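Reader: Please take a close look at the empty space in this model, and at the elements that border it. I would also like to know about any unusual backbone along the way.

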Amino acid sequence: MTIKIYGDPGSGSLRRVTTAAKVMGIEIEHVMVDLFKGESQTAEFKSRLNPHGLTPVLVDGDFVLYEAAAINLYLASKANSPLVGATAEDRFEVLQWMFWSGEQWRVFATALFDERVGKTVMGLPKNEAVIAFAEGKLRAAAKVLDQHLQGRKFIVGETLTLADIDVAGPFSQIDRSRPPLRDFPNLMAWHDNLIQSVPAWAETKRVVDHRIDSFLSSVGVAL
């Protein structure tokens, strides 16, 4: 039975899952959930898939799992994939950076997207205090990450892991929500290497860009 992944192709979180699945050679069936039409906010979606009304969601037979990081760990377990790390120590370090990404990183990138993109689409005023707070948190985290990436091509070890995919999430909207990442040269070089060396990451970037830019054009929004 093919694993189903519910989500919107404009989602950076879905991108993390589809990229990981492609790298691991896992066949998945994408089930469209149009976030712009509120399809994740229906009573059926919340009761059956995710009570938070968020995507992506994995369905594998009777098993339902949400949160992209958890989904990727599940897929890696199914495939016995080295994306979880080559050694026991590496595996814990991969988890460290995945947890770090959730606590210190992506939540603030999401806040910037909501303020700069979401509110522009809805015609609502931006909360500049929220923007300043999120940018400050991202700069503080990026400084730590930039130092860690000095002389490295990947976050853990010598090859791609789920840590790279998780931490790269905010780059999906870098030209739209404008997180302050370009001020950190090691961080930018690391992401440039992902685009060049991981074909699935480059491919899913094109998918996200097409989905979001097409939607913005359809509603007459220029950021």
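Author: The account below starts with the open space, goes on to the enclosed space, and then follows the chain and its rings.

This is a predicted model, in which local features need pLDDT of at least 70 and side-chain atom pairs pLDDT 80 or more, while totals for chains, interfaces and linings use all residues. Residues are numbered from 1 along each chain as its sequence is written, and side-chain values use heavy atoms, without hydrogens and water.

The largest pocket has a volume of about 1,100 Å³. A pocket is an open set of points on a 1 Å grid over the protein atoms alone, with protein on both sides within 12 Å along at least five of seven lines; a cavity is a set where a 1.4 Å probe fits but cannot get out, and lining residues have an atom within 4 Å of a point. Points are joined across faces, edges and corners, and a volume is the space filled by probe spheres set on them. The pocket has 38 lining residues, and S11, S13, T110, F113 and D114 lie nearest its centre. By class, 16 of the lining residues are nonpolar, 17 polar and five charged (Ala, Val, Leu, Ile, Met, Phe, Trp, Tyr, Cys and Pro are nonpolar, Asp, Glu, Lys and Arg charged, the others, Gly among them, polar).

Helix 1 (12–24), helix 4 and helix 9 each give at least two residues to this lining, and helix 4 gives the largest share, eleven residues. Helices (H or I, at least four residues) and strands (E, at least two) are DSSP runs numbered from the N terminus. Helix 4 covers residues 88–122 and bends by about 45° at S101, the bend being the angle between axes fitted to the seven residues ending there and the seven starting there. Just after helix 4, G123 has a positive phi of about 70°.

Helix 1 also contains V23, which is partly exposed because its relative accessible area is 37% (buried is under 20%, exposed over 50%, partly exposed in between, with a 1.4 Å probe and protein chains only). V23 and P199 are 176 residues apart along the chain, and their C-alpha atoms are separated by 8.6 Å.

The enclosed space amounts to one cavity of 30 Å³ or more, holding about 30 Å³. F171, S172, I174, D175, R176, K205 and D209 line this cavity; two of its lining residues are nonpolar, one polar and four charged. Helix 7 (174–177) and helix 9 (199–218) each supply at least two of them, with the largest share, three residues, from helix 7.

In the loop between helix 7 and helix 8 (185–197) is R178, with a positive phi of about 55° although it is not a glycine. E67, in the loop between strand 4 and helix 3, also has a positive phi, near 85°. Most residues other than glycine have a negative phi, and most peptide bonds are trans. The T55 to P56 bond is cis, with omega near 5°.

Ring pairs join W97, W100 and W105 into a cluster. Rings of Phe, Tyr and Trp (its six-membered ring) pair if their centres lie within 6.5 Å, and planes under 30 degrees apart are stacked, over 60 edge-to-face, the rest tilted. R15 lies over the face of W201, 3.4 Å from the ring centre (the criterion is NZ of Lys or CZ of Arg within 6 Å of the ring centre and within 35 degrees of the ring normal).
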